[in-house]
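The following briefing is intended for a reader who wishes to inspect the model alongside the text. Its points are grouped by topic.

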Protein chains: 2
Amino acid sequence: NHIVVTGFGTSGQEAVNELLARGTDPREIVVIDGSEKALDLAEGLGCNVLCGDSTRDKTLKDVAIHRARSMIVSAGRDDTSILITLTARHLAPRLPISIVVRNEDNELPARQAGATTVINPVSFAGLLLAGSTSGKHIADYMADLAASGGRVKLNERPVLPQEIGQPLSAIGTGLGLRIYRGDHPIGFWEDGARALQTGDCIIEIVEETDARAKPDDQ
Amino acid sequence: NHIVVTGFGTSGQEAVNELLARGTDPREIVVIDGSEKALDLAEGLGCNVLCGDSTRDKTLKDVAIHRARSMIVSAGRDDTSILITLTARHLAPRLPISIVVRNEDNELPARQAGATTVINPVSFAGLLLAGSTSGKHIADYMADLAASGGRVKLNERPVLPQEIGQPLSAIGTGLGLRIYRGDHPIGFWEDGARALQTGDCIIEIVEETDARAKPDDQ
Ligand SMILES: [Ca+2]
Ligand SMILES: [Ca+2]
């Protein structure tokens, strides 16, 4: 029930820092990299480390990939990251795998290789840049939603038994944005959001309660 | 009343593509770059172009920076981007300036140079990666919020006269998330959100109505 992080370059390091900021125990994180120098950094944070090549079955088996709760792939090269994803998907059919790709053309192949989440940093930056021209607070609000600290965070959780039959707008834990009913997304404005059902997954905005929360608006 | 985009590398291109996808007229965009090849691309999209060095006052004056409605700075190097920001801020004290920085250490200097929005692609990717380990829909929802298309978008607008005195939860245009009252952010759960005031700025999630909207959830 650990998190496997393969590739400990800038993106991998940022991801681990954020996981720790969210309260993840570093002993639940296993970092794989080919560079001893990168692994020294990870070890310094308290993470478990393995020096190896994550495109090999053996490496992923050594970190018990089939028992991991999720995997972060950011190998620095899209081809390597996609091969790691294919290898991991083969060994762990239901593992959530998040991959960083740098080239937009590789987003679809990454999904085809079995990634559940595909993140393209440059593409996302472009979206934020464009959004920032239509309002000076947009990018800051997005950053607050994505990051620990600040005032709010985006949360995903299963519906609670006592919420069944109630509208999404009535949940008491946060502001309900979207329901996933099976794989079908239902917006807060849609008829399907008038009555929550067993098995629904809720996306909500919740207030940050962490003591380390700090305002991110200057 | 144009948008100045300085630096037409990957981030700058992604930003312009997104602006066009949001319906911005390409003739309202002025792209500055030192490379004729980059400018050919921008010209192909219908944008105005200027070959020049944006760290020079003259270049920015040539694009009437003092009359621009916003500026996007993504020069590829943090030092260059920050110098451009300083130059632009000097010439246009109230211009909204969004800057891309690649090194976390440069986020604060970028703000000090006068940027209103600072975007670090790698850092943001790390946040999304970490977030994706706590829910498989989190990153997709963030991408939908940030991008045109999909089902929702994040919107920033002034309060309407008929909304004064009403609670944030009663707005009819979308789901109200946050109010900026002056520079002070007020969350949907806070007392200040019970009655909107003149001058409030509202952050809301609205349904995408664009005909080109397409589901982004697979
Ligand atoms: Ca936050
Ligand atoms: Ca959208």
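**Backbone at A64 and overall picture**

A64(A) is buried, since its relative accessibility is 12% and the cut-off for burial is under 20%. The model is a predicted one. Chain B is superposed on chain A by a rotation of 180°, and calcium ions are bound by donors from chain A and from chain B.

**Positive phi at A64**

- In chain A, A64(A) lies in the loop that runs between helix 3 (57-62) and strand 4 (70-73).
- The phi angle of A64(A) is near 50°, which is a positive value in a residue other than glycine.
- In chain B, A64(B) occupies the loop between helix 3 (57-62) and strand 4 (70-73).
- A64(B) likewise is not a glycine and has a positive phi, of about 55°.
- A64(B) counts as buried because its relative accessibility is 12%, against a limit of under 20%.

**Calcium ion (ligand 1), chain A**

- The protein donors of this ion are D144(A) through both O and OD, A147(A) through O, G149(A) through O, V152(A) through O and E208(A) through OE.
- These donors lie 2.3 to 2.5 Å from the calcium ion (ligand 1).
- Along the chain, the donors of ligand 1 follow the spacing D-x2-A-x1-G-x2-V-x55-E.
- The arrangement around ligand 1 is irregular because its six donor atoms subtend angles of 70 to 146°, whereas an octahedral site would need opposite donors over 155 degrees apart.
- Two of the residues that supply donors, D144(A) and V152(A), are buried.

**Calcium ion (ligand 2), chain B**

- Coordination of this ion comes from D144(B) (O), D144(B) (OD), A147(B) (O), G149(B) (O), V152(B) (O) and E208(B) (OE).
- The distances for the calcium ion (ligand 2) are 2.3 to 2.6 Å.
- The spacing of the ligand 2 donors along the chain is D-x2-A-x1-G-x2-V-x55-E.
- Six donor atoms surround ligand 2 at angles of 70 to 146°, and the arrangement is therefore irregular.
- D144(B) is buried, with a relative accessible area of 1%.
- G149(B) also counts as buried, at 11% relative accessibility.

**Relation between the chains**

- Superposing chain B on chain A takes a rotation of 180° with 0.0 Å of shift along the axis, and the RMSD is 0.0 Å.
- This is the relation of a two-fold axis.
- Within chain B, the C-alpha nearest the axis belongs to P121(B), at 2.5 Å from it.
- Both copies use the same surface, as 100% of the contact residues of chain B recur in chain A.

**Nonpolar core**

- The largest nonpolar core comprises 74 residues.
- The residues with the most contacts inside this core are M142(A), L154(A) and I205(A), together with M142(B), L154(B) and I205(B).
- Leaving aside residues up to four places away in sequence, L154(A) touches L145(A), L177(A), I203(A), E204(A) and I205(A) in chain A.
- L154(A) also touches I138(B), Y141(B) and M142(B) of chain B.

**Cysteines**

- Over all chains, the structure holds zero disulfides.
- A disulfide is a covalent bond that joins the sulfur atoms of two cysteines.
- C201(A) is buried, at 15% relative accessibility.
- C201(B) is buried as well, with a relative accessible area of 15%.

Conventions:
Residues are numbered from 1 along each chain as its sequence is written. Chains are lettered from A and ligands numbered from 1 in the order in which they are written. This is a predicted model: local features need pLDDT of at least 70, side-chain atom pairs count only at pLDDT 80 or more; totals for chains, interfaces and linings use all residues. Side-chain values use heavy atoms; hydrogens and water are left out. Donors are N, O and S atoms within 2.8 Å of the metal (3.2 Å for Na, K and Ca); water is not among the atoms, so sites may look incomplete. Four donors count as tetrahedral if all angles lie between 85 and 135 degrees; four count as square planar and six as octahedral if opposite donors are over 155 degrees apart and all others between 65 and 115; anything else is irregular. Buried means under 20% relative accessible area, exposed over 50%, partly exposed in between (1.4 Å probe, protein chains only). Copies are superposed by least squares on the C-alpha atoms of residues with pLDDT of at least 70 in both. Contact means heavy atoms within 4.5 Å. A disulfide is a pair of cysteine sulfur atoms within 2.5 Å. A nonpolar core is a set of buried Ala, Val, Leu, Ile, Met, Phe, Trp, Tyr and Cys residues joined through side-chain atoms within 4.5 Å. Helices (H or I, at least four residues) and strands (E, at least two) are DSSP runs, numbered from the N terminus.
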